[in-house]
Amino acid sequence: MASKNTQPLQGMEDIGGPEVYLWQSLEDTARRIFHLYGFSEIRTPIPERTGIFTHTIGDATDIVQKEMYTFEDRGGRSVTLRPEGTAGVVRYLMGLGQEARDARLYYMGPMYRAERPQAGRKRQFHQCGVEMVGDANYLADAECIALQLHLLEEWGLTDCNLLINTRGERGESEQIADELRNLLQPRKGELCDDCQRRLDSNVLRILDCKRRECQKVVDSLPPLTELMKADSREYFERLRATLKELGVDATVDPRLVRGLDYYAHTVWEITHPALGAQDALAGGGRYEIESGKNSLAGVGFAMGMERVLMALKSVGVEPDENEAASDVWLVSMGERALKANMALEQDLRYKGIACNMDLHGRSMKAQMRAANRSGARKVVIRGDDEIERDILVLKDMVSGEQFEVDSKSLMDRLLT
Ligand code: HAM
């Protein structure tokens with residue numbers, strides 16, 4: 001019986017059973033594709049100094065304001081469970097100095113955000129993402145987007161929508177924010193409470209507020225690109241042309257700004273029809289992050305694995321119940337057979353055959369039931385009589401056929 005004591009925390013999930021094999025297969029595919037594009041894996045710690053996130057993601061963002069799991073460690077230091085992967089990877093890369101030039105890294109693992117849990121929105125969720133270091137270059141942005149779509153396709157998700165936009169150069173973000181503020185100030189009263197606050201702290205976010213009243217105001221604004229320098233517009237146009245050359249369909253969404261402060265130039269999101277209007281399958285963009293005298297520019301993305309799985313379910317991809325099946329199940333009648341089967345089991349495993357058996361001396365019927373449940377395609381049965389005669393009984397669980405084999409030819413029979 002499931003009780004509160006056996007449940008994980010709200011918004012967090014155990015991932016096991018057949019489902020975990022689907023996760024592993026998605027991860028294997030991701031590793032293979034990342035390798036094709038020259039990326040290697042980085043595993044940064046899950047807890048980091050809180051300042052790493054507040055500084056990188058931005059004090060005024062929803063993540064920093066409302067969603068971080070922050071606590072004091074035993075030494076009184078403020079520590080936060082990573083809400084996303086970029087900040088930790090950038091911290092790591094800054095530590096490498098010059099060596100980080102041209103780094104291409106990927107990561108997979110759990111992230112933490114104290115959000116209200118619902119379908120596709122968890123407090124512990126998993127991201128699969130990449131970071132590609134280098135100064136602003138629309139070719140790199142295009143390569144990164146193409147990689148992401150390639151991976152989604154390999155996973156079996158072909159009906160994704162790519163939405164792109166630009167936030168302009170880092171240096172002009174203040175001026176763009178000022179112009180937006182001037183345009184929005186006279187209509188402040190029409191905005192939702194959150195956006196009225198954002199007018200001072202994070203005016204860009206008003207553009208992608210989902211509330212009807214705010215969208216009405218935003219619709220009357222000129223596109224963000226009109227507030228930008230010609231250079232920024234040209235960068236974006238070149239990116240769009242490159243995506244076209246690569247055969248990537250992109251829809252420009254002039255309202256897309258993304259919820260993290262580090263972005264400059266290109267931002268994008270990937271949506272999938274199965275997830276509804278609110279929730280993106282993945283997000284990414286180009287960024288510039290400063291820390292003391294260091295600064296690092298790059299481009300990257302992260303996909304929410306729980307949402308990828310939801311989208312896959314909607315197109316009929318389900319975990320394979322038999323993925324965990326052993327090749328062979330050993331059935332032992334009596335103490336001698338139990339011991340002999342244990343030795344055989346070890347031998348088979350060393351030879352690469354996945355096998356299993358009952359260790360509790362249960363009845364033949366119970367053992368056959370377990371063999372059946374296990375999904376093993378072959379069952380080896382023996383008792384005292386078979387041991388005396390140096391034979392084993394082999395049952396093919398698919399055809400139902402059963403015959404005796406001598407111990408020397410067992411391996412050949414199991415491998416066919
Ligand atoms: P993000 O848009 O905050 O971007 O998150 C990326 C993806 O993580 C989302 O599109 C979504 O699929 C998933 N996700 C976010 N929050 C949750 C949640 N509570 N439950 C389930 N899934 C969630 C970033 O994190 C950036 N670091 C991406 C990036 C990398 N930009 C540049 N490099």
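Two strands are taken as paired if DSSP finds at least two bridges between them. The model described here is predicted, and its two open sheets and its ligand site are treated in turn.

The smaller set of pairings concerns an open sheet formed by three strands in the order 2-4-3, with antiparallel pairing. Strand 2 (47–49) and strand 3 (69–72) are the edge strands; each has a single partner strand, so one side of each is left without a neighbour in the sheet. From one strand to the next, the twist averages 35°. Strand 2 and strand 4 (residues 78–81) run antiparallel and are joined by three bridges. Within this pair, E48 stands opposite T80 of strand 4. Helix 2 (residues 50–57) packs on the sheet and touches strand 2, strand 3 and strand 4. The direction of helix 2 makes about 75° with that of strand 2.

A further open sheet contains eight strands in the order 1-5-6-11-10-9-7-8, and its pairing is mixed. Its edges are formed by strand 1 (40–41) and strand 8 (251–252), each of which pairs on one side only. Strand 1 runs parallel to strand 5 (residues 104–112), and two bridges join them. S40 has L105 as its bridge partner in strand 5. Helix 1 (residues 17–36) packs on this sheet, in contact with strand 1, strand 5, strand 6 and strand 11. Between the direction of helix 1 and that of strand 5 the angle is about 155°.

The ligand is surrounded by 27 residues, of which E84, E115, K122, R258 and Y263 are the closest. By class, this shell consists of eleven nonpolar, eight polar and eight charged residues. Strand 6 (124–133), strand 10 (282–291) and strand 11 (294–304) each contribute at least two residues to the shell. Strand 10 provides the largest share, five residues. Strand 6, strand 11 and strand 10 also follow one another in the strand order of the eight-stranded sheet.

Polar contacts to nitrogen of the ligand involve both side-chain and backbone atoms of the protein. In the side chain of T86, an N or O atom is 2.8 Å from a nitrogen atom of the ligand. For E131, the corresponding distance from a ligand nitrogen atom to a side-chain N or O atom is 2.9 Å. A polar backbone atom of F301 is 3.4 Å from a nitrogen atom of the ligand. The ligand taken alone exposes 660 Å², and the protein buries 96% of that area.

Technical notes:
Residues are numbered from 1 along each chain as its sequence is written. This is a predicted model: local features need pLDDT of at least 70, side-chain atom pairs count only at pLDDT 80 or more; totals for chains, interfaces and linings use all residues. Side-chain values use heavy atoms; hydrogens and water are left out. Helices (H or I, at least four residues) and strands (E, at least two) are DSSP runs, numbered from the N terminus. Axes are lines fitted to C-alpha atoms, for helices over the stretch in contact, and angles run from 0 to 180 degrees between N-to-C directions. Contact means heavy atoms within 4.5 Å. A residue is near a molecule or strand if one of its heavy atoms lies within 4 Å of it. A polar contact is a pair of N or O atoms within 3.5 Å; within protein, one must be able to donate a hydrogen and the other to accept it, and residues adjacent in sequence count only if both atoms are side-chain atoms. Accessible areas come from the Shrake-Rupley method with a 1.4 Å probe; for residues, only the protein chains shown count as cover. Ala, Val, Leu, Ile, Met, Phe, Trp, Tyr, Cys and Pro count as nonpolar, Asp, Glu, Lys and Arg as charged, and the others, Gly among them, as polar.
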